[in-house]
Amino acid sequence: MAARAIWKGKLKLGSTTVPVNLYSGVIDKTVHFHILEERTESRVKQHMVNPATNEEVPNDEIQKGYEIEPGTFVILKAEELEKLQPKPSRDIEITRFVPGEHISSLWYDRPYYLGPDGDQEAYFALVDALASKETEGIARWVMRGKEYVGALRAQGDYLMLVALRHADEVILAEDLPAPAGRALDKKEIDMARQLVGLLEGEFDPTDFKDEYRERVMEFIEMKAKGKKPRLQLVKSKAGTSSLDAALSKSIAALKKKKEKAAA
Amino acid sequence: MRPLWSGTITFGLVSVPVDMYPANRSDRTSLRMLSPDGVPLNRRYYSEQSGRELEDDQMVRGYEFEDGKYVVVTDEELEKLAPDRSRDIDLRRFVDDQAIPPIYFERGYYLTPGSSSEKGYRLLAKAMEDSGRMGIGTFVMHGKEYLVAITAENGILRAQTLRFADEIRSPADVGLPKKKKPQKAIVTKFEKLITARSAKQLSTQELKDDQTDRVLKLVKSKHSRGKDIVQTEEQSSDDGNVVDIMDVLKKSLAKS
């Protein structure tokens with residue numbers, strides 16, 4: 001079954017536009033729980049309460065405040081916040097193109113597919129142009145009262161718009177101090193590199209399954225049938241005491257495995 | 001601030017204990033709810049049946065398996081359901097650091113050296129950074145399993161959670177139309193538009209958050225004019241806008 005578009009917009013490069021539909025690129029598979037009252041196993045109600053008076057404050061009387069110093073709030077009125085909202089628009093403005101490898105994965109937020117909305121020729125021409133130039137567009141748009149920045153890229157035959165985090169939301173490694181210590185042993189560095197090399201492979205996401213989610217769901221199903229499954233606790237590990245020995249043992253074990261596989 | 005998670009990275013037979021902290025700052029303009037006279041409000045829970053207020057130990061977590069019917073699941077049970085070795089991030093495979101499409105990336109975390117693991121930490125970071133590889137593994141945090149890519153940059157390890165394959169939609173799932181080959185002339189026109197707007201690097205200026213800046217500007221302006229300011233004795237329940245994760249990270253990277 002085809003997905004429904006969550007938004008419609010127009011990609012804009014100067015005066016050239018490409019109409020698109022926007023679709024979520026992901027599916028939420030999180031196991032969602034509700035808060036229950038233990039005694040009755042029924043749902044609970046939530047209220048916002050003034051701790052000074054222990055009285056509930058109804059929604060239309062709640063104010064919003066920004067804590068500028070501990071204990072000091074600047075109140076922002078609803079009409080003030082309203083005025084700061086971006087103007088609604090259908091434009092996805094592409095201002096700049098940069099080589100894809102310059103966009104750090106730390107910026108990536110939610111991914112969206114873009115599909116053609118009418119003009120398919122222009123849509124697929126833009127896909128081919130992005131792919132041949134090996135570049136990504138930096139996009140800005142307003143969706144549901146929120147300003148977004150994103151990366152427009154060719155993903156296979158289609159356009160993808162990956163929402164990016166804003167500059168001051170992300171802490172970059174270049175702004176942090178690297179852990180320091182005595183110089184590393186050259187032999188150990190070589191062995192660590194060799195070990196990384198032996199474990200090298202392709203990225204195949206289907207090799208990894210969310211086993212925990214499956215186990216939680218199985219457990220819930222058994223409990224729903226009135227069964228009580230037995231559980232065991234797992235323990236955590238300590239650090240390796242001799243790096244040298246652990247590295248050489250690992251390399252030997254992996255080499256042996258590879259030889260066996262080749263034989 | 002305590003680490004979000006503490007555990008062990010293993011590769012081969014080598015284990016490196018690490019602490020995990022967020023690589024993102026929380027929303028700069030998270031606003032608190034206040035009473036009409038400016039007291040910060042607390043969220044409280046009440047029984048739907050008796051209307052009485054409930055304390056934390058009177059509430060449990062329930063999964064709705066049929067309409068209105070719940071299975072109660074305790075923290076202890078979730079803990080015990082964690083797969084074997086879940087406190088380890090076992091790097092079973094190393095891949096090229098450009099090999100993972102952006103659609104998989106969810107969130108970033110920095111890893112800092114755990115107890116007496118500083119040497120193993122630096123060794124792993126160096127080997128990965130030199131070879132341009134990411135290590136792939138899984139681990140469990142706060143009742144959820146995560147697929148992660150571990151990378152090293154500037155001698156610092158970080159974990160980026162990835163979506164599992166079944167959390168990703170394909171173009172076919174979305175129902176995108178089959179590609180039709182566009183006319184060469186139109187492709188060329190787009191290539192020219194791209195070239196005219198190309199830059200070598202991404203400037204963080206492009207990622208500025210104007211919306212948040214506008215809110216903060218208003219906050220500062222009202223604060224300096226002394227307009228709509230309230231003071232409270234009430235202890236804020238969270239760290240609000242006050243703790244900077246950057247300071248926390250700098251401290252825990254330097255402590256080794």
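Glu145(B) is found in strand E12 of chain B. In this predicted model, Glu145(B) counts as buried, at 4% relative accessibility. Its C-alpha atom is 9.7 Å from that of Phe164(B), a residue 19 places away in sequence.

**Single residues and their surroundings**

Three further residues can be described by the element that holds them and by what they touch. Leu164(A) belongs to strand E12 (residues 158-164) of chain A. Leu164(A) is buried, because its relative accessibility is 5% and the limit for that class is under 20%. Leaving aside residues up to four places away in sequence, Leu164(A) touches Ile103(A), Trp107(A), Tyr108(A), Asp109(A), Val149(A), Gly150(A), Ala151(A) and, from chain B, Leu207(B).

Val71(B) sits in strand E7 (residues 69-73) of chain B. The relative accessible area of Val71(B) is 4%, so this residue is buried. With residues up to four places away again left out, the contacts of Val71(B) are Ile220(A), Lys223(A) and Ala224(A) on chain A, and Arg61(B), Gly62(B), Tyr63(B) and Phe65(B) on chain B.

Lys255(A) is part of helix H5 (residues 243-262) of chain A. At 38% relative accessibility, Lys255(A) counts as partly exposed. Beyond four places in sequence, Lys255(A) touches Gln194(A) and Leu198(A).

The table lists the C-alpha distances for these residues and for Glu145(B).

| Residue | Partner | Separation along the chain | C-alpha distance |
|---|---|---|---|
| Glu145(B) | Phe164(B) | 19 residues | 9.7 Å |
| Leu164(A) | Pro111(A) | 53 residues | 8.9 Å |
| Val71(B) | Arg61(B) | ten residues | 8.4 Å |
| Lys255(A) | Leu195(A) | 60 residues | 9.6 Å |

**Helix H6 of chain B**

Helix H6 of chain B covers residues 245-254, and its buried residues are Ile245(B), Met246(B), Val248(B), Leu249(B), Ser252(B) and Leu253(B). Viewed down the axis of H6(B), these residues fall within an arc of 160 degrees, and they therefore line one face of the helix. On the face turned away from that buried side are the exposed residues Lys251(B) and Ala254(B). What do the buried residues of H6(B) pack against? Their partners, in chain B, are strand E2 (14-22), strand E10 (105-113), helix H2 and strand E13 (156-162).

**The second largest pocket**

The second largest pocket has a volume of about 660 Å³. It is lined by 31 residues, of which Gly100(A), Glu101(A), Ile103(A), Asp97(B) and Gln98(B) are the closest to its centre. Both chains supply elements that give two or more residues to the lining. In chain A these are helix H2 (120-133), strand E10 (135-143) and strand E11 (146-155). In chain B they are helix H2 (118-131), strand E11 (133-141) and strand E12 (144-153). By class, the lining holds 13 nonpolar, nine polar and nine charged residues.

Some of these elements appear elsewhere in this report. Strand E12 of chain B is the strand of Glu145(B), and H2 of chain B is among the elements against which the buried residues of H6(B) pack. Ile103(A), one of the residues closest to the pocket centre, is also among the contacts of Leu164(A).

**Aromatic pairs**

Over all chains, a search of the whole structure finds eight aromatic pairs. Phe203(A) and Tyr104(B) form one that is edge-to-face, with 5.4 Å from centre to centre and 85 degrees between the planes. This pair crosses between chains. Phe203(A) lies in the loop between helix H3 (186-198) and helix H4 (211-224) of chain A, and Tyr104(B) in the loop between strand E9 (93-96) and strand E10 of chain B. Phe203(A) is buried, with a relative accessible area of 13%, and Tyr104(B) counts as buried at 11%. Within chain A, ring pairs link Tyr123(A), Phe124(A) and Tyr158(A) into a cluster.

**Positive phi angles**

Most residues other than glycine have a negative phi. Glu134(A) has a positive phi, near 45 degrees, and is not a glycine. Glu134(A) is placed in the loop between H2 and E10 of chain A, and is exposed, with a relative accessible area of 66%. In chain B, Asp228(B) has a positive phi of about 55 degrees. The loop that holds Asp228(B) runs between helix H5 (210-225) and strand E14 (229-231) of chain B. At 22% relative accessibility, Asp228(B) counts as partly exposed.

Key: Residues are numbered from 1 along each chain as its sequence is written. Chains are lettered from A and ligands numbered from 1 in the order in which they are written. This is a predicted model: local features need pLDDT of at least 70, side-chain atom pairs count only at pLDDT 80 or more; totals for chains, interfaces and linings use all residues. Side-chain values use heavy atoms; hydrogens and water are left out. On a 1 Å grid over the protein atoms alone, a cavity is a set of points where a 1.4 Å probe fits but cannot get out, and a pocket is an open set with protein on both sides within 12 Å along at least five of seven lines; lining residues have an atom within 4 Å of a point. Grid points are joined across faces, edges and corners, and a volume is the space filled by probe spheres set on the points. Helices (H or I, at least four residues) and strands (E, at least two) are DSSP runs, numbered from the N terminus. Ala, Val, Leu, Ile, Met, Phe, Trp, Tyr, Cys and Pro count as nonpolar, Asp, Glu, Lys and Arg as charged, and the others, Gly among them, as polar. Buried means under 20% relative accessible area, exposed over 50%, partly exposed in between (1.4 Å probe, protein chains only). The arc is that of the directions from the helix axis to the C-beta atoms. Contact means heavy atoms within 4.5 Å. Rings of Phe, Tyr and Trp (its six-membered ring) pair if their centres lie within 6.5 Å; planes under 30 degrees apart count as stacked, over 60 as edge-to-face and the rest as tilted.
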